[in-house]
Amino acid sequence: MDDVFSWLQDGPLAEAIRGTAYLYPVLGSLHILGIALLIGPAAAFDLRLLGLGQQKLPVTTVAGYLLPLSRFGFVIAAVTGVLMFLPGASVMAERGSAPFKLGLLLIAGLNVLIFHRRTFRSVFDWDLGKPSPAAARTAAVVSLTSWAGVTVAGSLLAYT
């Protein structure tokens, strides 16, 4: 596996990132913006599923406004995250928080997949005026905790 990480960090894209003035900090800034666009709207949606805040809007309306922003934020965060990983792939892979970040990303992704493939299909039964079902509330808690954990573990990559 070390060979893969060495190959990644010695590749032309990693060299270009390392060799271009200010590119890494720009990528870091875009990564934070992507995280904000991902987690902010997702957290607001999760809180709606949990029954917190205003309940006057249907879940489908809230999803229609917030989840496209989250998807856009995810794309930005994923692309910039990979680009920031490349120049120091071997070092980053050895960091103690790396497996936690990847594991929590997997949990968050599976949670989104299961929620949209199963729970959200019945949304019109609980869209407005009824509490979200237990499966939706559970998905919201898993989402909030896993994305918070991804953020913390990602921040620790610089220090562990």
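## A predicted chain of helices

Within the protein chain, 80% of the contacts with a separation of 6 or more join residues that lie 24 or more positions apart, where a contact means heavy atoms within 4.5 Å. This is a predicted model, in which local features need pLDDT of at least 70 and side-chain atom pairs count only at pLDDT 80 or more, while totals for chains, interfaces and linings use all residues. Residues are numbered from 1 along each chain as its sequence is written, and side-chain values use heavy atoms, with hydrogens and water left out.

The secondary structure of the protein chain consists of seven helices and zero strands, and from the N terminus on the order is α-α-α-α-α-α-α; here helices (H or I, at least four residues) and strands (E, at least two) are DSSP runs, numbered from the N terminus. The C-alpha trace spans about 55 × 30 × 25 Å along its principal axes. Of the 160 residues in the protein chain, 34% are buried, a term that means under 20% relative accessible area, with exposed meaning over 50% and partly exposed in between (1.4 Å probe, protein chains only).

One pair of helices can be followed in detail. The axes of α3 (residues 23-49) and α4 (residues 59-85) come within 7 Å and cross at roughly 155°, the axes being lines fitted to C-alpha atoms over the stretch in contact, with angles from 0 to 180 degrees between N-to-C directions. That angle makes α3 roughly antiparallel to α4, because angles over 145 degrees count as roughly antiparallel, under 35 as roughly parallel, 65 to 115 as roughly perpendicular and the rest as oblique. The residues of the contact of α3 with α4 divide into 23 nonpolar, seven polar and one charged; Ala, Val, Leu, Ile, Met, Phe, Trp, Tyr, Cys and Pro count as nonpolar, Asp, Glu, Lys and Arg as charged, and the others, Gly among them, as polar.

Two loop residues are set side by side below.

| Residue | Loop between | Relative accessible area |
|---|---|---|
| Ser 132 | α6 (98-117) and α7 (134-156) | 4%, buried |
| Tyr 22 | α2 (12-19) and α3 | 67%, exposed |

The side chain of Ser 132 reaches the backbone oxygen of Leu 49 at 2.9 Å. Not counting residues up to four places away in sequence, Ser 132 touches Arg 48, Leu 49, Trp 126 and Arg 137. For Tyr 22, phi is near 70°, which is a positive value in a residue other than glycine.

Key:
A polar contact is a pair of N or O atoms within 3.5 Å; within protein, one must be able to donate a hydrogen and the other to accept it, and residues adjacent in sequence count only if both atoms are side-chain atoms.
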